[in-house]
Amino acid sequence: MLFMDVTAWNMRNIVIRMLTAMVLGGVIGIDRGAKRRGGGARTDAAVCIGAALVMITGQYMEIRFPGLADLSRMASQVISGVGFLGAGSILVSGHQVKGLTSAAGIWFCACIGLAVGIGFVDGAFLATVILLAGLHLLPLVEEKIYQYSRYLTLYVEADEGGASAEFLHHLKMDGCKVDRFDVDKSGGMQSFTILTTIRLPKELNRDEYIEELSRLNGIQSIDIM
C-alpha cells in the first residue's frame with residue numbers, strides 16, 4: 001500500500017473514502033472548470049461521491065446480508081448509468097464536436113469514485129494524478145506532432161454549385177491523396193459545405209497551400225479541423 005489501508009469496515013475509513021472521493025472529483029472538476037470546460041467541480045465531485053457511496057453501500061450489504069450483494073454488478077450499473085451525464089455534455093456545433101473530453105472526465109470521476117468507495121485509494125489517487133498530467137501534457141505533444149503531419153481534415157464553405165468539382169480537381173492535380181470527400185448541400189444549390197481529409201505531398205507547404213485553396217472560385221472559407 002502506498003498510503004493507507006482503508007478497506008476495513010469502520011466509520012473512520014468510511015469518512016476517509018467519502019472525503020477522498022469529494023477531493024479527487026473536485027480537483028478534476030476544478031481543472032476542467034478553469035479551462036471553461038465540462039461541468040465543473042460540483043458535478044464531478046457529486047459523480048465521484050455518488051459512485052463511492054454505491055460501493056460503500058455494496059460493502060455494507062455484503063456485511064449485513066452475506067451472499068446477497070453483487071459489487072461487480074452495482075459497479076457496472078454506475079458505469080453504464082453515468083453515460084447519460086456524459087452524453088449530455090457532448091455538443092455538435094456545425095462541423096465541430098465539443099465536450100468529448102468533458103464526457104470522458106465525468107465517466108472517469110465515476111471510476112475514481114468506485115475505486116475509492118471500495119477502499120482502493122492508492123489506485124484512485126495515482127489515476128487522478130496521471131489524468132491531470134495527461135490533460136496538460138498531451139495537448140503540447142499533439143501540437144508538436146500535428147505540425148509535421150501531412151494529413152489534413154478541411155471544412156470548406158462554398159457558394160457555387162460547381163465549386164466542389166473544381167476543388168476536388170485542384171486537389172488531385174496538385175498530387176493530394178483524397179481519403180474522404182463529403183459534400184453537404186443542405187443549404188441549397190447555391191450554398192454548401194465540403195468535409196474532406198487529404199494527404200499533402202512533401203513538396204507543398206501546408207499554410208501556403210491552404211491559402212491557395214481559399215482563393216479558388218466559389219470558396220468562401222476553409223478551416224483546418
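**Exercise 1. Overall layout**

Task: Find how many helices and strands the protein has, and in what order the elements run.

Solution: Start with the secondary structure, which comes to 8 helices and 6 strands in this predicted model. Next, walk along the chain from the N terminus: the elements run α-α-α-α-β-β-α-α-β-α-β-β-α-β. Then turn to burial: of the 225 residues in the protein, 35% are buried. For the surface, the protein exposes about 13200 Å², and carbon and sulfur atoms supply 61% of that area. Finally, look at how the chain meets itself. Among contacts between residues at least 6 apart in sequence, 67% join residues at least 24 apart.

**Exercise 2. Two polar residues of helix α1**

Task: Decide whether Asn13 is buried or exposed, and list its contacts beyond its sequence neighbours.

Solution: First place the residue: Asn13 lies in helix α1. Its relative accessible area is 1%, and the cut-off for buried is under 20%, so Asn13 is buried. Now look around it. Leaving aside neighbours within four places in sequence, Asn13 is in contact with Asp5, Val6, Thr7 and Ala8. There is also a polar contact, in which the side chain of Asn13 meets the side chain of Arg12 at 2.8 Å.

Task: Do the same for Asp31: is this residue buried or exposed, and which residues does it touch?

Solution: Asp31 is also found in helix α1. At a relative accessible area of 13%, Asp31 falls under the 20% limit and is therefore buried. With neighbours within four places in sequence left aside, Asp31 is in contact with Leu132, Leu135 and His136.

**Exercise 3. A nonpolar patch**

Task: Name the residues of the nonpolar surface patch that includes Val23, and give the accessible area of the patch.

Solution: Begin with Val23 itself, which lies in helix α1, covering residues 11-34. Its relative accessible area of 46% makes Val23 partly exposed. Now add its partners: Met11, Val15, Leu19, Met22 and Val27 form the nonpolar patch on the surface together with Val23. Taken together, these residues have about 530 Å² of accessible area.

**Exercise 4. An aromatic pair**

Task: Work out what kind of aromatic pair Trp9 and Tyr60 form, and which parts of the chain the pair ties together.

Solution: A search of the whole structure finds 2 aromatic pairs. One of them is Trp9 with Tyr60, with 5.8 Å centre to centre and 40° between the planes. Planes under 30 degrees apart would count as stacked and those over 60 as edge-to-face, so this pair is tilted. Next, locate the partners: Trp9 lies in the segment before α1 and Tyr60 in helix α2 (residues 41-64), so the pair ties together parts that are 51 residues apart in sequence. As for the surroundings, Trp9 is partly exposed at 34% relative accessibility, and Tyr60 is partly exposed at 35%.

**Exercise 5. A glycine in helix α5**

Task: Describe where Gly113 is found and which residues are in contact with it.

Solution: Gly113 is found in helix α5, residues 100-117. Its relative accessible area is 0%, so Gly113 is buried. Leaving aside neighbours within four places in sequence, Gly113 is in contact with Cys48, Ala51 and Ala52. A distance check adds one more reference point: Gly113 and Ala75 are 38 residues apart in sequence and 9.9 Å apart in space, C-alpha to C-alpha.

**Exercise 6. Salt bridges**

Task: Find how many salt bridges the structure has, then say how exposed the partners are.

Solution: Here is the idea behind the search: side chains of opposite charge can pair when their charged atoms come close. Across the whole structure, the search finds 3 salt bridges.

- Arg180 and Asp182 meet at 2.7 Å, N to O. Arg180 is partly exposed at 37% relative accessible area, and Asp182 is partly exposed at 37%.
- Arg206 and Asp207 meet at 4.0 Å, N to O. Arg206 is partly exposed at 25%, whereas Asp207 is exposed at 54%.
- Arg215 and Glu211 meet at 3.6 Å, N to O. Arg215 counts as exposed at 58%, whereas Glu211 counts as partly exposed at 45%.

Terms used. Residues numbered from 1 in each chain as written. Predicted model: local features only at pLDDT ≥ 70, side-chain atom pairs only at ≥ 80, totals over all residues. Heavy atoms only, no water. Patch = residues over 30% accessible without salt bridge, like charges linked within 9 Å, V, L, I, M, F, W, Y side chains within 5 Å. Areas by Shrake-Rupley, 256 points an atom, 1.4 Å probe, with all protein chains shown as cover. Salt bridge = Lys/Arg side-chain N within 4 Å of Asp/Glu carboxyl O. Helix = DSSP H or I, 4+ residues; strand = E, 2+ residues; numbered from the N terminus. Buried < 20%, exposed > 50% of the residue type's maximum accessible area, 1.4 Å probe, protein only. Phe/Tyr/Trp six-rings, centres within 6.5 Å; stacked < 30°, edge-to-face > 60°. Contact = heavy atoms within 4.5 Å. Polar contact = N/O pair within 3.5 Å; in protein donor to acceptor, adjacent residues only side chain to side chain.
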